[in-house]
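Hi everyone, thanks for making the time. I'd like to walk you through one structure, so please have a look at the screen.

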Amino acid sequence: MQDGLIRICKEAFSGCTSLENINLPNSLKEISELAFFRCSSLKEIILPENLEILYYGVFQECGLLEKINIPSKISALQLNLFADCSRLKDVKLSNGLKEI
């Protein structure tokens, strides 16, 4: 994805079963609802430090996702953000987090 992108829209990659990893630009501020829902092959995603909002269910049913770092500008984790991510073992939370 190119720099300059500020938002990934609702269900943008939903059901992309061949998506294994993704490189997000530093300009990204928001990832909308269910953007990566049922990306069953997604193993790795690095969230940019400028990311401010992760809406509900963004990574729901990403069964192969094992680790993720939550950027410092994220203040809340929404409902079902990691629901049914059965292999998720390592979640690094930021100091800016105020609500789970």
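Before anything else, a word on how charges are counted here: Lys and Arg count as positive, Asp and Glu count as negative, and His and the chain ends are left out. With that in mind, the protein chain has 11 positive and 13 negative charges, and the mean positions of the two groups are 2 Å apart. Please also remember that what you see is a predicted model.

Let's take the overall picture next. The C-alpha atoms fill a box of roughly 30 × 30 × 20 Å along the principal axes. Does the chain look compact or extended? A compact globule of 100 residues would have a radius of gyration near 13 Å, and this chain has 12 Å, so the value agrees with a compact globule. Of the 100 residues, 40% are buried. The accessible surface comes to about 5,800 Å², and carbon and sulfur atoms hold 44% of that. As for contacts with a separation of 6 or more, 20% of them join residues that are 24 or more positions apart.

Now the secondary structure. How many helices and how many strands are there in the protein chain? There are zero helices and seven strands, and reading along the sequence you get β-β-β-β-β-β-β.

Three of these strands form an open sheet, in the order S1-S3-S5, with parallel pairing. Strand S1, residues 7-8, and strand S5, residues 53-54, stand at the edges; each has a single partner strand, so one side of each is left without a neighbour in the sheet. Strand S3, which is residues 30-31, pairs with S5 in the parallel sense over two bridges. If you would like a spot to look at, find Ile-31, which stands opposite Leu-54 in S5.

Let's stay with Leu-54 for a moment. Is Leu-54 buried or exposed? Its relative accessible area is 1%, and the cut-off for buried is under 20%, so Leu-54 is buried. Leaving out residues up to four places away in sequence, Leu-54 touches Ile-31, Leu-47, Phe-59, Ile-70, Ile-74, Gln-78 and Leu-81. For one of those partners, Ile-74, we also have a C-alpha separation: 7.5 Å from Leu-54, with their positions 20 residues apart along the chain.

For contrast, let's go to Ile-100, in the segment after S7. Ile-100 has 75% relative accessibility and counts as exposed. Beyond its neighbours within four places in sequence, Ile-100 is in contact with Leu-77 and Leu-93. The C-alpha atoms of Ile-100 and Gln-78 are separated by 6.9 Å, and these two residues are 22 apart along the chain. You may recall Gln-78 from the list of residues that Leu-54 touches.

Last stop: two residues with a backbone angle to look at. Glu-11 is not a glycine, yet it has a positive phi of about 60°. Glu-11 lies in the loop between S1 and strand S2, residues 21-23, and is partly exposed, with a relative accessible area of 42%. Asn-80 is not a glycine either, and its phi is also positive, at about 60°. You'll find Asn-80 in the loop between strand S6, residues 67-69, and strand S7, residues 90-92. Asn-80 is partly exposed as well, at 36% relative accessible area.

That's my tour, and I'm happy to turn the view around for anyone who wants another look.

How values were computed: Residues numbered from 1 in each chain as written. Predicted model: local features only at pLDDT ≥ 70, side-chain atom pairs only at ≥ 80, totals over all residues. Heavy atoms only, no water. Pairing = 2+ DSSP bridges. Helix = DSSP H or I, 4+ residues; strand = E, 2+ residues; numbered from the N terminus. Rg over C-alpha atoms; globule rule 2.2 N^0.38 Å. Buried < 20%, exposed > 50% of the residue type's maximum accessible area, 1.4 Å probe, protein only. Contact = heavy atoms within 4.5 Å. Areas by Shrake-Rupley, 256 points an atom, 1.4 Å probe, with all protein chains shown as cover. Charge placed at Lys NZ, Arg CZ, Asp CG, Glu CD.
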